[in-house]
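Colleague: Before I use this model, I'd like to know what stands behind the labels. Can we go through them one by one?

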Amino acid sequence: LWKELIDAADRYNITHLKIMVETYAIQECIIDTKNVSDIILFADAKTCPLLKEFAMSYFVDRARDILESKHSVELQKSARLMKELMVAILDKSSNDEVFRANDLSKMTVCALRNSLALLKLDVDGSKEILVSRLENFKKGQST
């Protein structure tokens with residue numbers, strides 16, 4: 001049912017409903033090793049960055065088992081998503097906290113949305129769009 005709600009919210013541009021359903025899906029722990037790849041693909045297609053980030057984090061923690069299973073076949077067809085997962089795996093192993101603190105792309109989707117909301121900016125879009133929106137705001141503030 002949550003996928004249908006996200007589909008409808010996406011179709012009719014009801015951002016707050018989409019974000020609420022994303023949050024619900026995460027809180028209800030709908031992700032497991034059998035469906036994580038499908039959820040990543042769905043979240044990416046529907047621009048649900050919070051759900052995608054959560055699913056990718058779940059995937060990263062169990063990457064070897066998931067990649068060796070039949071459940072990741074469709075995901076492995078997406079070079080772009082596989083690259084994102086590799087970066088997430090590398091980021092997890094990185095201990096360079098100074099670099100991370102100065103890099104908005106290392107912020108979680110939740111933190112990005114909170115920052116944007118405080119600035120009264122739009123909180124909808126992919127993680128890349130949220131980062132770009134916040135970077136553009138900061139550039140405008142510094143000039």
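**Labels and cut-offs**

Colleague: Why is Thr47 called partly exposed?

Modeller: Thr47 has 28% relative accessibility, and the label runs between two limits: buried is under 20% relative accessible area, exposed is over 50%, and partly exposed is what lies in between (1.4 Å probe, protein chains only). So 28% makes Thr47 partly exposed. Keep in mind that this is a predicted model, where local features need pLDDT of at least 70 and side-chain atom pairs count only at pLDDT 80 or more, while totals for chains, interfaces and linings use all residues. Residues are numbered from 1 along each chain as its sequence is written, and side-chain values use heavy atoms, without hydrogens and water.

Colleague: What is odd about the backbone of Thr47, and where is Thr47 found?

Modeller: Its phi is positive, about 50°, although Thr47 is not a glycine. Thr47 is in the loop between H3 and H4; helices here are DSSP runs of H or I with at least four residues, strands are E runs of at least two, and both are numbered from the N terminus. Lys120 also has a positive phi, about 60°, without being a glycine, and lies in the loop between H9 and H10. At 75% relative accessibility, Lys120 comes out as exposed.

Colleague: Ser126 is in the loop between H9 and H10; what makes it buried or exposed?

Modeller: Its relative accessible area is 18%, so Ser126 is buried. Leaving out residues up to four places away in sequence, Ser126 touches Thr47 and Pro49, where a contact means heavy atoms within 4.5 Å.

Colleague: And Ser72, why is that one called buried?

Modeller: Ser72 has 0% relative accessibility, so it counts as buried. Its place is in the loop between helix H5 (63-67) and helix H6 (73-76). Beyond neighbours within four places in sequence, Ser72 contacts Ser37, Ile66 and Leu67.

Colleague: How many aromatic pairs does a search of the whole structure find?

Modeller: There is 1. Trp2 and Phe42 form it, with 5.6 Å centre to centre and 90° between the planes. Rings of Phe, Tyr and Trp (its six-membered ring) pair if their centres lie within 6.5 Å; planes under 30 degrees apart are stacked, over 60 edge-to-face, the rest tilted. The Trp2 and Phe42 pair is therefore edge-to-face. It links distant parts of the chain: Trp2 sits in helix H1 (residues 2-11) and Phe42 in helix H3 (residues 36-45), 40 residues apart. Both partners are buried, Trp2 with a relative accessible area of 15% and Phe42 at 13% relative accessibility.

Colleague: Which charged end sits over the ring of Phe42?

Modeller: That of Lys3, 5.3 Å from the ring centre. The label asks for NZ of Lys or CZ of Arg within 6 Å of the ring centre and within 35 degrees of the ring normal. Likewise, the charged end of Arg62 sits over the ring of Tyr58, 3.6 Å from its centre.

Colleague: How do you know that the length of H10 agrees with its residue count?

Modeller: The expected span is 1.5 Å times one less than the number of residues. For the 16 residues of helix H10 (residues 127-142) that gives 22 Å, and the end C-alpha atoms are 23 Å apart, so the two agree.

Colleague: Which residues of H10 are buried?

Modeller: Leu130, Val131 and Leu134. They cover an arc of only 100° around the axis, so they are on the same side of H10; the arc is that of the directions from the helix axis to the C-beta atoms. Their cover includes helix H4 (49-61) and helix H9 (109-118).

Colleague: Where is confidence lowest in the protein chain?

Modeller: In helix H8 (residues 97-101), with a mean of 46, whereas H3 is highest at 96. That is pLDDT, the predictor's confidence in each residue, from 0 to 100. Residues 96-100 are below 50, and that stretch has 5 contacts in the model beyond near neighbours in sequence. The chain as a whole has a mean pLDDT of 90, with 93% of its residues at 70 or more.
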